Amino acid sequence: MIQNKKKMLIESVICCILSIIIAANRIQATSVTYQPFEENFETGVTAYWNNDWENAIVEIEKSLVMHRLFESGIYDCYMKCKDTRNIENTDRHSQFADIKFIISKASCSRSCLDEIFGDARLITQVSEHIKHLFHIKRPYVYLQFAYFQVGNIEQAVKTAHTYWLRHVGDDVIEDSIEYYRNLTEVKPEFFIDLEASEHIYVYDTAVEIYLDEDYEAAIPLFMRALEAYYTASDKCNALCEGEHVFDYDYPDVPEFHMQTADHYIQVTECSLECVKKIATDSSGVHISDFLPLHYHYLQFAIYKEGNISAALSNAKTYLLFHPEDEVMVNNVNLLSKKVDSKTEAIPEAVLYKKRIDGQIALLRYSYQAFGYEYRTNLLTPFADLTENEDGIDEFFSGHTLQKPNILPSNPEEQFYQSPDEKQKDIIEKKSMEEHILNELEEQRSQQKVAKPDNDVDVSNVSLGEALVDSKDMVTIRDAANETPTAEGNLLFEDYVLVANSTQLNGQERFLVDNLITQNDCDDLINLELSRGLFGDGYQDKKYPHTEYESFQGISIYTAVELAKKSEIPLRIARLYFDTSEKVRAQVQEYFHLPNLYFDYTHLVCRTALPKSSSEREDLSHPVHADNCLLQDNGECLKKPPAYVWRDYSAILYLNNKFEGGNLIFVDSTAKRISAQVEPKCGRMAAFCAGKECFHGVKPVSKGQRCAMALWFTTKKEKQEVQRQIAEETLASLENSKDEL
Ligand SMILES: O=C(O)CCC(=O)C(=O)O
Ligand SMILES: [Fe+2]
């Protein structure tokens, strides 16, 4: 009974709010012609200061309607021209297809906007200041006072309340609200938000009903909230495609590609900001993980209502956003057993997620390419649930929210066909659990064994956290004034020996500066940045060593192939090739080797992901040797899959525009850091590939660390074949160029 009453109340409130929203839309739908809203607003404000309350109300109300028309006109055209690509279907394979697509979209938008606004140029005339005033809902301040003056208390309360919601703490509006509260004629239902967002309102109501366990009523509300969400998302995106503001340092130059890229970045950033904007209510409370939560609630409500297939589809949709969410993975497994497991996630969400993922990738690439500061919040628009468990209340304050349910954890309830099946499952699960727990326990006990002298033992070498600096550790930043005793010759006069083996606290290692110029470093980084992302990474893994960094690389062979296809300048491929030869020659010379052959060369950048930090406890590259497999006990097994034929390694650094990322040499027990080297352009570290030269890389906490890594062999028969092919290709490309 009580529940029914509550339901009726909620329904009536929804009706009331929705009727306001619909009324606002209806005004737009009728044949009102657009007038610049700023003109009505200015007229209204002038009337207001002349104490002409009636006209102030008429003009300011009109400006609100026109402002809605302004935004909805842009949205309508955005939607209308969204799929213009179809028009150009036949041209899809032409090299100008993309440009044609942009032009046809532009022409569609132009005629659509001309039609709605009389002249599309009207939309560019609104000043940023006026846009801002409308954004913060300033017109309602004028309205509330004008309504009060003409004695329309109901409208005065509504307009005051609408402004107050967005400006809690503003003394003037709070005094007015307080005053209205004490008037006898003021009813509670006057306190409504005239600018309520349908998607938030309906969602909040749906959650409330859900928490009352009225799943039947909650389902259509969640569906409606979703529909409204996607509309709000389109509206927000439509507005993002507005004017181009030049606010970056770098592309603020009249050059076509820079400006196009700049515009594109701005629109993409704005579009990703929409995810958060749409998930923020009128009073500024952000509902973390807003969109995915719809599907979380729905999968359970629908399951409770008995539609297993639709529940599965919603559960799979949630997994699109959080693929590793244990609860949902479990739910999908359980539900899949009951229905056709081919049931797919909801297509609308799949498309949406694809777009967001594409935008994130593009933005990340742009940040890298231009070296912009990462706007990390944009790159992770949906909550990181693993990190947020504790912080969830903070986000949820002000909303009747809690984490929605999992399917029944008591398996007896629904999911077993027979007692035998249940018994088997429980036994299997238990042994699985035990197995995992044992493994974890073992790992933990290996990781940290405190020793009396407070040093830490490293048994598991992949754990950077367990490494300690040795008492004699040296850090090499700059070349010392005194030249170290050279163990071998330097090939050129401008090379500077920075440290020999002794100074690097070990054997067969040295450090040289000035191997290449700043220009060469820049060219090589550019090659890596522009092509490495799409080039051959490291066995196709983006994060081969750590989840906190991405890792991209390009081999000499790939670089030469790109030059062959004219995708990079021949000069750059040549630079790559020649630079690697410079390194090889110097390493051979210093170590007095009769011969030294290339095994593999890789131009690599390690980029700190937004979640990386100086507090990280892992390494960018775990401690290892380059030709053997380092074991927990410190032994190094020289057998496959290790590259056992490698004898020497060298790393030529290309920049220092990052934090962290020092190369570290570790002592023979692989436990203590004996020396570390700060990378910089033109600096080369060379060392043996075996167990005498354990090394690793400290975490890159910020920025991008680029280097050329080279591995050599003294065995002719082991030299890299691909390099020889690349060398021939390079020569023949240069010949044919000369002939031209
Ligand atoms: O980049 C570095 O400083 C070292 C990398 C390394 O040791 C390797 O790739 O094997
Ligand atoms: Fe290495």
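## A tour from one hairpin outwards

Begin by selecting strands E11 and E12, which form a hairpin with 5 residues between them; in the turn, look for Ala670, whose phi is positive, at about 60 degrees. As you go, keep in mind that this is a predicted model.

**The two strands of the hairpin.** Colour residues 663-666, which make up E11, and then residues 672-677, which make up E12. These two strands run antiparallel and are joined by 4 bridges. To see individual partners, show Val666, which stands opposite Ile673 in E12, and then Leu663, whose bridge partner in E12 is Val677.

Now turn the view so that you can look at E11 from either face, because both of its faces are covered: Leu663 and Phe665 on one side, and Ile664 and Val666 on the other, are all buried. E12 is mostly covered as well, with 6 of its 6 residues buried.

**Widening the view to the sheet.** Next, add strand E14, residues 695-697, which is joined to E11 by 3 bridges and runs antiparallel to it. Here Leu663 appears again, since its bridge partner in E14 is Val697. On the E12 side, select strand E1, residues 468-476, which pairs with E12 in the parallel sense over 5 bridges; one pair to display there is Thr475 with its bridge partner in E12, Gln676.

With these strands on screen, in what order do the 5 strands of the open sheet stand? Reading across, the order is E1-E12-E11-E14-E6, and the pairing is mixed. E1 and strand E6 (621-624) stand at the edges, each with a single partner strand, so one side of each is left without a neighbour in the sheet. If you look along the sheet, the twist from one strand to the next averages 20 degrees.

**The ligand.** Keep Leu663 displayed and select ligand 1, for Leu663 is one of the residues around ligand 1, together with His621, Asp626, Ile651, His695, Val697, Ala707 and Ala709. The elements that give two or more residues to this shell are E14 and strand E15 (700-713). If you colour the shell around ligand 1 by class, you should find 5 nonpolar, 2 polar and 1 charged residues.

**The nonpolar cores.** Hide the ligand and select Met684, which touches Val512, Leu515, Val583, Ala650, Ile651 and Leu652, when residues up to four places away in sequence are not counted. Met684 belongs to the largest nonpolar core, which has 70 residues; the residues with the most contacts inside this core also include Ala559, Ala650, Leu652, Leu654, Ala685 and Ala686. Apart from this core lies another, of 47 residues, and to locate it you can select Tyr201, Val207, Ala225 and Val275, which are among its members.

**Three single residues to finish.** Move first to helix H3 (residues 53-80), where you will find Asp76. Is Asp76 buried, exposed or partly exposed? Asp76 is partly exposed, because 18 other C-beta atoms lie within 10 Å. If you then draw a distance from its C-alpha atom to that of Ser109, the separation is 9.6 Å, although the two residues are 33 residues apart along the chain.

Continue to the loop between helix H5 (128-135) and helix H6 (139-149), which holds Lys137. This residue has a positive phi of about 65 degrees although it is not a glycine, and Lys137 counts as buried because it has 21 C-beta neighbours inside 10 Å.

The last stop is His592, in the loop between helix H22 (570-590) and strand E5 (597-608). His592 likewise is not a glycine, and yet it has a positive phi, of about 55 degrees. Where Lys137 counts as buried, His592 counts as exposed, because it has 9 C-beta neighbours inside 10 Å.

Note on methods: Residues are numbered from 1 along each chain as its sequence is written. Chains are lettered from A and ligands numbered from 1 in the order in which they are written. This is a predicted model: local features need pLDDT of at least 70, side-chain atom pairs count only at pLDDT 80 or more; totals for chains, interfaces and linings use all residues. A nonpolar core is a set of buried Ala, Val, Leu, Ile, Met, Phe, Trp, Tyr and Cys residues joined through C-beta atoms within 7 Å. A residue is buried if 20 or more other C-beta atoms lie within 10 Å of its own, exposed if 12 or fewer, and partly exposed in between; C-beta atoms are placed from the backbone. Two residues are in contact if their C-beta atoms, placed from the backbone, lie within 7 Å. Two strands pair if DSSP finds at least two bridges between them. A residue is near a molecule or strand if its C-beta atom, placed from the backbone, lies within 6 Å of it. Ala, Val, Leu, Ile, Met, Phe, Trp, Tyr, Cys and Pro count as nonpolar, Asp, Glu, Lys and Arg as charged, and the others, Gly among them, as polar. Axes are lines fitted to C-alpha atoms, for helices over the stretch in contact, and angles run from 0 to 180 degrees between N-to-C directions.
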